[in-house]
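Visitor: Could you take me through the cysteines in this one, and then what surrounds them? I'd like a close look rather than a quick tour.

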Amino acid sequence: EDKAEAVRWFQAAAEQGLASAKLMLGVCFDEGGWVAEDKAEAVRWFQAAADEGNVIAQFNLGVCFYLGEGVAGDKAEAARWFRAAAEQGHAEAQFKLGV
C-alpha cells in the first residue's frame, strides 16, 4: 500500500511507453492523494496516453478541456477528445456529444 512506490512503478512503465501507466499517472495527479494534485501534470499524462489511443485518457482529456482544469478551457478541443473516445465506444463520451 505504498502509494509513492506505486507512482514510481507507474512512472517507470510510462517511460517505457505503456499508455495505461500514463493514464494512471494522469489520474494520480488529477485526484491528488497519491501525489500532490497537479492538474497541468495530469493533462500532460492524459495527453500522452490519449495520443496513443487510450480511450479513458481521451475522455479524461476532454473533461479537462471542457472544465478548463490544468489547461485553458476549450470546448472545441473538448469535443474533439470526446469524439475520439466516443468513436471507440465510450458511452459517457457519446452522451456528452449527444450521440
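Guide: Sure. Keep in mind that this is a predicted model. The disulfide count here comes to zero. Take Cys 28: it is in no disulfide, and the nearest cysteine sulfur, that of Cys 64, is 14 Å away. A pair of sulfurs has to lie within 2.5 Å to count, so at 14 Å Cys 28 and Cys 64 don't make one. Seen from the other end, Cys 64 is in no disulfide either, with the sulfur of Cys 28 as its nearest cysteine sulfur. Both side chains are tucked away from the surface: Cys 28 is buried at a relative accessible area of 4%, and Cys 64 is buried too, at 2%.

Now for the surroundings. Cys 64 is one of the residues that Phe 46 touches, leaving out anything up to four places away in sequence. The other partners of Phe 46 are Leu 23, Gly 26, Val 27, Asp 30, Ala 57, Asn 60 and Leu 61. Phe 46 also stands out in the largest nonpolar core, which has 26 residues. Together with Leu 23, Leu 25, Phe 29 and Leu 61, Phe 46 touches the most other members there. Two or more residues of that core come from each of helix H1 (3–15), helix H2 (19–31), helix H3 (39–51), helix H4 (55–67) and helix H5 (75–87).

Some polar side chains are worth a look as well. Gln 58 sits in helix H4 and counts as buried at 6% relative accessibility. Beyond its sequence neighbours within four places, Gln 58 contacts Ala 50, Gly 53, Trp 81, Ala 84, Ala 85 and Gln 88. His 90 is in the loop between H5 and helix H6 (91–97). At 17% relative accessibility, His 90 falls under the 20% cut-off, so it counts as buried. With the same four-place neighbours set aside, His 90 is in contact with Val 55, Phe 59 and Ala 85. Ala 85 therefore turns up in the contact lists of both Gln 58 and His 90.

Stepping back, the protein chain has six helices and zero strands, which reads as α-α-α-α-α-α along the sequence. Its radius of gyration is 13 Å, close to the 13 Å from the globule rule for 99 residues, so the chain is as compact as a globular protein of that length. The C-alpha atoms fill a box of roughly 40 × 25 × 20 Å along the principal axes, and buried residues make up 36% of the 99.

Terms used: Residues are numbered from 1 along each chain as its sequence is written. This is a predicted model: local features need pLDDT of at least 70, side-chain atom pairs count only at pLDDT 80 or more; totals for chains, interfaces and linings use all residues. Side-chain values use heavy atoms; hydrogens and water are left out. A nonpolar core is a set of buried Ala, Val, Leu, Ile, Met, Phe, Trp, Tyr and Cys residues joined through side-chain atoms within 4.5 Å. Buried means under 20% relative accessible area, exposed over 50%, partly exposed in between (1.4 Å probe, protein chains only). Helices (H or I, at least four residues) and strands (E, at least two) are DSSP runs, numbered from the N terminus. Contact means heavy atoms within 4.5 Å. The radius of gyration is taken over C-alpha atoms; the globule rule is 2.2 Å times the number of residues to the power 0.38.
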